[in-house]
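Subject: A structure for you to look through

Dear colleague,

I am passing on a structure that I would like you to open and read alongside this message. Please keep it on your screen while you go through the notes below.

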Amino acid sequence: MDAKLSPRLAVAILLGVASCFASNHLCARIAFDHGASVATAVSVRATFTTLVLFTMMRLQGVSLAIPRELHGRTLLAGLLIASQSYCLYSAVALIPPALALLVFQTSPMLYVLLTWALGREAPRWRALWPMALALAGLALALNLRPAHFAADWAAVRVGVGWAFASGASMAIVYYLNANALKGLDGRLRTFAMTAVTAVLVILAGTASDAQALPQAASGWAGLALLSVFYCVAMALLFFVLPRIPTTTTAALNFEPIALLVLGWLVLAITVTPLQIAGALLTVSAIVWLGLQKR
């Protein structure tokens, strides 16, 4: 059985995971802006992650055998990762990455509710307060105003739909990893899921002629870096999931904040005082959640 991690250590790891995922999305947008397709980005990052994990397990002597009774669950998790990846990158290609990530942040909440509903963990109602506060901080940090959002709804609704579908898929993946696939080594779990994703997206993307490589050096750099950041984030995420309470995954709400900071540093995006206040509110809520006793 996996040893449990302290809430503080778990939050620290998840903040690192969120930052890596944010960097991955920023690099993906750069790749898309220079000619890469969604199918190519998903294919490359899944293939890279699969090869890195395969090499790591061979060097460390980790068995690649998956028990027969877990074959179906592993395949399902891989299908969901493929769906999540394609949906989220489709959203990032259509709407601002920060908005796509805000919608995607429904996944930790959906995961918590799913776990409670299926009786896998006793509800921790007091944890809902910092989770709600984190979402409120995100709304401020991303400068989401109801009137402004309503005016632009027609332009963003397709992207928002993709992002929500991605969040729902990821919530089920979280659940499978923390419960149905908990008995597998974390490296093997991630390897199996990304291998299934790589095969599916490569076949589907090639059959539909959806593969497209970058047309500039910046695009190639974005494609390479998104693969590295995704590999690190996925390996850490599925290592930590079985070892923490479900509500601790609210720390992943830091992802849009990290993307906001990266956008300011890398793309020179203007950040207002209200957005800074929202970022601080979100980080404070995550710290509050991490300090709560189980």
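Before anything else, a residue is called buried when its relative accessible area is under 20%, exposed when it is over 50%, and partly exposed in between. By that rule P67, with a relative accessibility of 31%, is partly exposed, because 31% falls in the middle range. You will find P67 in the loop between α2 and α3, and although P67 and L184 are separated by 117 residues in sequence, their C-alpha atoms are 8.8 Å apart in space.

Please bear in mind that this is a predicted model. The average pLDDT of the protein is 83, and 89% of the residues score at least 70. Confidence is highest in helix α2 (residues 38–60), where the mean is 92, and lowest in helix α7 (residues 146–151), where the mean is 61. Where pLDDT is low, the predicted coordinates should not be read in detail.

As for the overall build, the protein has 12 helices and zero strands. Of its 294 residues, 50% count as buried, while the accessible surface comes to about 13000 Å², with 71% of that belonging to carbon and sulfur atoms. When contacts with a separation of 6 or more are considered, 90% of them are between residues that lie 24 or more positions apart.

Turning to the interior, the largest nonpolar core has 71 residues, and the members that touch the most others are I81, Y89, M170, L226, L237 and F238. At least two residues of this core come from each of α1, α2, α3 (71–94), α4 (97–104), α8 (153–180), α9 (186–207), α10 and α11 (254–266), with α1 giving the largest share, 14 residues. Which residues does Y89 contact, once its neighbours within four places in sequence are left aside? They are N24, H25, A28, F32, V38, A41, V42, R45 and L226, and L226 is itself one of the core members that touch the most others.

On the surface there is a nonpolar patch of about 280 Å², made by F48, V228, V232 and L236. Helix α10 (residues 217–240) provides the largest share of this patch, namely three residues. V228, which is placed in helix α10, has a relative accessibility of 38% and therefore counts as partly exposed.

Finally, a search of the whole structure finds two salt bridges. In one of them the side chains of R29 and D33 meet, with a distance of 3.5 Å from N to O. Both residues belong to helix α1 (residues 7–33), where they are four residues apart, or about one turn of the helix. Is each partner exposed or partly exposed? R29 is partly exposed, with a relative accessible area of 25%, whereas D33 is exposed, at 53%. The other salt bridge joins R187 to D185, and the closest N and O atoms there are 2.7 Å apart. In this pair R187 is partly exposed at 28% relative accessibility, and D185 is partly exposed at 29%.

With best wishes for your reading.

Note on methods: Residues are numbered from 1 along each chain as its sequence is written. This is a predicted model: local features need pLDDT of at least 70, side-chain atom pairs count only at pLDDT 80 or more; totals for chains, interfaces and linings use all residues. Side-chain values use heavy atoms; hydrogens and water are left out. pLDDT is the predictor's confidence in each residue, from 0 to 100. A salt bridge is a side-chain nitrogen of Lys or Arg within 4 Å of a carboxyl oxygen of Asp or Glu. Buried means under 20% relative accessible area, exposed over 50%, partly exposed in between (1.4 Å probe, protein chains only). Patches are made of residues with over 30% relative accessible area and no salt bridge: like charges are joined within 9 Å, nonpolar side chains (Val, Leu, Ile, Met, Phe, Trp, Tyr) within 5 Å. Accessible areas come from the Shrake-Rupley method with a 1.4 Å probe; for residues, only the protein chains shown count as cover. A nonpolar core is a set of buried Ala, Val, Leu, Ile, Met, Phe, Trp, Tyr and Cys residues joined through side-chain atoms within 4.5 Å. Contact means heavy atoms within 4.5 Å.
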